[in-house]
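Student: I would like to learn how to read the features of a protein model carefully. Could we work through one together?

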Amino acid sequence: MTTSKGTIQGYNGVATVDRKHQIIIDAQAFGEGQEHHTLKPVLEYIKDRYQRLGIRKDVYAGRYKVTVTADTGFANEQNMQYLHNNKIDAYIPDNQFRSRDPKFQDQKKKYGKRHQEKPKSERRNVIPATEFKFDPTAMTCYCPAGEKLSFRGERLSETGQSKAFFEGRLLQCRNCNLKHECMENPEAANHRKGAGRQVSFTINDKRKPTYTVWMTNLSGTNWYVSPERASIRDDASNPEWTVTMANTFIAIECRQ
């Protein structure tokens with residue numbers, strides 16, 4: 001399993017619990033370290049299980065539908081789209097929610113930055129992507145040396161922004177006089193399995209309203225955020241079930 005600390009032999013365990021009665025009702029193991037991909041299979045398995053047991057045909061619909069809350073680890077554009085398309089009542093903060101919340105305005109000043117003991121990574125000051133000539137109409141890109149980069153495709157970022165990716169041809173970058181000024185790792189262009197300079201550009205004129213923005217702008221949402229999890233203050237409705245996802249832990253509360 002690939003993690004931020006490298007590849008390890010292990011699993012990412014996700015448990016589903018009745019939060020009120022402290023009963024584990026589902027447990028799954030995933031072979032990836034990040035939580036993004038676990039949201040959909042976990043929610044669908046919960047739905048299928050309650051259907052098979054004859055408890056509820058659809059726990060995410062009806063008068064007493066499930067309210068799903070999750071921490072930032074589960075937030076990406078694909079998950080937001082899944083929740084929206086399936087009309088699941090869910091509230092998941094994106095990774096910028098603290099910067100928008102006035103309660104966290106003075107957090108760094110009061111408590112300092114997190115991981116202060118961690119040394120700053122030493123990155124080379126290279127020629128920025130702004131020095132590359134990008135034409136969004138023709139979808140072409142030329143480097144400061146005048147060479148045309150190969151178009152590697154257009155993909156959506158985790159926040160739903162459309163981005164165009166380009167990469168310099170290996171032989172071009174290998175023999176370029178600007179190689180040491182342009183590449184963070186110039187030696188990468190010196191062997192046949194290496195890579196040339198890579199740049200990406202946000203295509204603003206093609207950007208559409210994203211599902212991440214939809215989640216951010218949900219009305220009637222009062223967030224209560226702690227360092228470990230995000231939950232919802234239910235001020236307006238009284239759903240029968242409340243699902244809370246925090247890191248690799250999911251709790252389900254059954255309200256009588």
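Tutor: Let us begin with the vocabulary: helices (H or I, at least four residues) and strands (E, at least two) are DSSP runs, numbered from the N terminus. The model is predicted, so local features need pLDDT of at least 70 and side-chain atom pairs count only at pLDDT 80 or more, while totals for chains, interfaces and linings use all residues. Residues are numbered from 1 along each chain as its sequence is written, and side-chain values use heavy atoms, with hydrogens and water left out.

Student: How many helices and strands does the protein chain have?

Tutor: The protein chain has seven helices and 15 strands. Buried residues, meaning those under 20% relative accessible area (exposed is over 50%, partly exposed in between, with a 1.4 Å probe and protein chains only), make up 36% of its 256 residues.

Student: Which residue in the loop between α2 and β6 should I look at?

Tutor: Look at lysine 87, which lies in the loop between α2 (77-85) and β6 (89-91) and has a positive phi of about 55° although it is not a glycine. Lysine 87 counts as exposed because its relative accessibility is 70%. Methionine 139, in the loop between β7 (133-135) and β8 (140-142), also is a residue other than glycine with a positive phi, near 55°, but methionine 139 counts as buried, at 15% relative accessibility.

Student: Where are the buried residues of α1 placed around the axis?

Tutor: In general, an α-helix has 3.6 residues a turn, so residues three or four places apart point the same way. In this model the buried residues of α1 are Leu39, Val42, Leu43, Ile46 and Tyr50. They cover an arc of only 95° around the axis, which puts them on the same side of α1; the arc is that of the directions from the helix axis to the C-beta atoms. After α1 comes glycine 54, with a positive phi near 75°.

Student: Which residues touch the most other members of the largest nonpolar core?

Tutor: A nonpolar core is a set of buried Ala, Val, Leu, Ile, Met, Phe, Trp, Tyr and Cys residues joined through side-chain atoms within 4.5 Å. The largest has 21 residues, of which Leu43, Tyr60, Val68, Leu83, Ile88 and Ile92 touch the most other members. Two or more residues each come from α1 (39-52), β5 (66-70) and α2, and the largest share, five residues, belongs to α1. Leaving aside neighbours within four places in sequence, leucine 43 is in contact (heavy atoms within 4.5 Å) with Tyr60, Val68, Tyr82, Leu83 and Ile88.
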